Each structure stands twice: as structure tokens, then as C-alpha cells.
Amino acid sequence: MRRIAFSLAAAAALTGCATAANPPYARPVTTTISPPISSAANIYTNAPRAPLHSELFACHSYGSNLGLIGQRGEATNYTPYVETPAGSLLRNPTEVGCLSSGFGYRGTATGGGRQHNGIDLANREGGFIYAAGNGRVVTADYRGGYGNFIEIDHGNGVHTRYAHLVEIDPNLRPGMSIAEGTPMGRMGMTGNATGVHLHYEIAIDGLLVDPINYGVPQPYQTTPVAQTYQQPVPIEAPQVIELEEPAMEQPIPPPLQSYPEPVRLQRPDGFN
Ligand SMILES: [Zn+2]
């Protein structure tokens with residue numbers, strides 16, 4: 001017994017010593033893919049992929065936080081894709097759905113209000129819910145007020161979240177990668193929901209953004225014309241600087257064309 005205790009102590013001392021002298025590298029973070037609950041084929045296995053909805057209509061004219069709604073009831077700023085740092089994501093990842101509530105602060109029946117961090121896409125008959133873009137499943141389980149809840153990490157800080165599902169595909173599990181448009185579950189009203197709808201959130205760099213209006217150009221900023229022009233600046237006549245005329249130099253005589261005739265010297269008379 002004493003011998004075992006001694007060797008344990010020695011081992012502990014050795015471990016402690018080695019750790020102090022040479023600290024180990026941090027262990028890599030690994031994601032464990034839990035075994036599938038069921039890998040059997042189900043309604044999701046061969047279900048069609050997500051349709052691309054060209055328009056999104058408001059469910060009712062009296063919905064809360066609907067934002068800009070056109071005369072036909074369409075969400076004016078809606079486009080099928082939202083451009084994010086992780087690429088294009090579906091703005092409406094449902095099989096069928098209308099906009100029953102938008103993003104932002106909304107009042108409640110009891111007075112007051114609270115922030116709504118996503119959009120609600122409703123359909124009384126339910127329908128499939130699809131992955132908005134390529135990514136990796138982070139969460140697929142029951143989350144209190146969110147009910148049956150799926151979260152996908154699309155990379156580059158972009159996540160999408162899907163709440164209140166009546167059912168999650170039993171073959172879907174955290175850690176697995178998923179392709180855009182893959183059916184993941186069906187719309188429901190689990191958790192804190194008063195009707196069958198999808199609560200859809202998009203988070204970018206940890207901030208929840210408006211799935212309808214994210215990336216939409218801002219309205220033009222206008223300024224009265226009078227303020228854009230500057231008062232004309234009078235231009236003064238340039239000062240004329242009088243310069244003294246330069247003194248004319250003496251003209252240089254032209255070069256001689258030929259040697260001058262030699263001057264013949266005359267001897268004085270009688271001087272032979
Ligand atoms: Zn919601």
C-alpha cells in the first residue's frame with residue numbers, strides 16, 4: 001500500500017514538474033457529432049429543396065412591425081436573398097409563409113412592448129423549414145420559449161436561427177454540415193407562440209439584424225438646393241505689373257566676309 005502511495009506521489013510530482021517546466025499546448029477544440037437518433041429514411045429524406053419566393057406578402061394589414069408594405073400587400077423591401085458576409089441567405093426559408101410580424105420594437109396587448117429580434121413567417125397549415133444557406137448545425141433541440149429550435153453557423157460570423165418548429169428532422173444533429181435549401185423541420189407553435197409560424201433570426205457578428213431590411217439601400221438623403229451652392233466668389237482683376245524695358249545692347253557687327261585689302265605702305269621718296 002505504501003509502495004502504491006509512493007508511486008502515485010512520484011507520478012504526481014513528475015506530472016507537476018513537467019507541467020511547470022514545459023506547459024502543454026492548448027488542446028484543439030473538437031466538435032463531437034453525436035450518433036444519430038435515427039438514420040432511417042423519413043419525410044425529410046427526399047423532400048424537395050426550398051422554393052425561392054419572389055415576393056413576401058403580409059398576412060394581415062394590421063400586423064405589427066411590418067415595415068414598408070405596398071398596395072398589393074407585399075413587403076416592399078423584400079428580395080429572395082439577403083447578402084451577408086457568409087454569402088446569400090434565403091430571406092424566407094419556409095415552404096409557405098406570410099409576414100405576420102417584423103423586426104424591431106413592438107407593442108403588446110397588455111401595454112408596454114419589447115424588442116422582436118427576428119421576423120415571423122406564418123402559415124396555418126405549417127410546412128417545411130429550410131436551411132437558409134450552407135453551414136453547420138450548431139443547435140437542434142428544445143429551447144424554452146423558442147420551442148423546437150435550430151441554429152446554423154454559416155461562417156464569417158453569420159448565424160441563422162429557427163424557432164417554434166413542431167418537429168425537427170430526427171436525423172439532424174449538431175456538428176453536421178448542411179446545404180442551402182435542405183428541409184430541417186416543420187413550422188409549428190412550440191414554446192412561446194400564439195399561432196403556427198416560424199420565428200426567423202439572422203445574427204451577424206453577434207448582432208441580430210432585420211432579415212427583411214438588412215442590406216437594403218437606405219432612402220436617398222436630400223438637401224435643399226440653395227444650401228448646396230456656395231456663394232459666388234468675386235474674381236478681382238489681376239494686377240498688372242509694369243516691367244522696365246531691358247536696355248538694348250549694341251548691335252554686333254556681322255563677321256567679315258573677307259580679309260580687308262592689305263594697306264600698302266609707301267616708302268618715303270628718296271629713301272632707297
Ligand atoms: Zn417572432
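The legends below describe close-up views of a predicted model.

**Figure 1. The whole protein and the confidence of its prediction.** The protein has 272 residues, of which 27% are buried. Its secondary structure consists of 2 helices and 15 strands. Among contacts with a separation of 6 or more, 65% are between residues 24 or more positions apart. The mean pLDDT of the protein is 84, with 79% of the residues at 70 or more. Confidence is highest in β7, at 98, and lowest in helix α1 (residues 2-21), at a mean of 45. The pLDDT is below 50 over residues 4-19, a stretch with 0 contacts in the model beyond near neighbours in sequence. Where pLDDT is low, the predicted coordinates should not be read in detail.

**Figure 2. The open sheet that contains β7.** This sheet has 3 strands in the order β7-β13-β11, and the pairing is antiparallel. Its edge strands, β7 (128-130) and β11 (167-168), each pair on one side only. Strand β13 (residues 183-186) is joined to β7 by 3 bridges. At one position of the sheet, tyrosine 130 stands opposite proline 183 of β13. In general, strands of a sheet pair through backbone hydrogen bonds, in a parallel or an antiparallel way.

**Figure 3. Strand β14 and its pairing with β6, β10 and β15.** Strand β6 (residues 119-122) runs antiparallel to β14, with 4 bridges between the two. Isoleucine 119 has tyrosine 200 in β14 as its bridge partner. Strand β10 is also antiparallel to β14, and 6 bridges join this pair. Here alanine 163 is matched with histidine 199 of β14 as its bridge partner. Strand β15 pairs with β14 in the antiparallel sense over 3 bridges. In this pair, isoleucine 202 stands opposite valine 209 in β15.

**Figure 4. The turn between β14 and β15.** The two strands form a hairpin with 2 residues between them. Aspartate 205 is found in the loop between β14 (197-204) and β15 (207-209). The phi of aspartate 205 is near 50 degrees, a positive value in a residue other than glycine. Aspartate 205 counts as exposed because it has 10 C-beta neighbours inside 10 Å, and the cut-off for an exposed residue is 12 or fewer.

**Figure 5. The loop between β9 and β10.** Asparagine 156 lies in the loop between β9 (148-155) and β10 (158-165). This asparagine is a residue other than glycine with a positive phi, near 55 degrees. Asparagine 156 has 11 C-beta neighbours inside 10 Å and therefore counts as exposed.

**Figure 6. The largest nonpolar core and tyrosine 162.** The largest nonpolar core holds 38 residues, and those that touch the most other members are Leu99, Leu121, Ile129, Tyr130, Ile150 and Tyr162. Strands that each supply at least two residues of this core include β2 (87-90), β3 (98-101) and β8 (135-142). Strands β6, β7, β9, β10 and β14 also supply at least two residues each. Leaving aside neighbours within four places in sequence, tyrosine 162 is in contact with Ile129, Phe149, Ile150, Leu198 and Tyr200. In soluble globular proteins, nonpolar side chains tend to be buried together.

Terms used
Residues numbered from 1 in each chain as written. Predicted model: local features only at pLDDT ≥ 70, side-chain atom pairs only at ≥ 80, totals over all residues. Pairing = 2+ DSSP bridges. Buried ≥ 20, exposed ≤ 12 C-beta atoms within 10 Å, placed from the backbone. pLDDT = per-residue confidence, 0-100. Contact = placed C-beta atoms within 7 Å. Core = buried A, V, L, I, M, F, W, Y, C linked by C-beta atoms within 7 Å.
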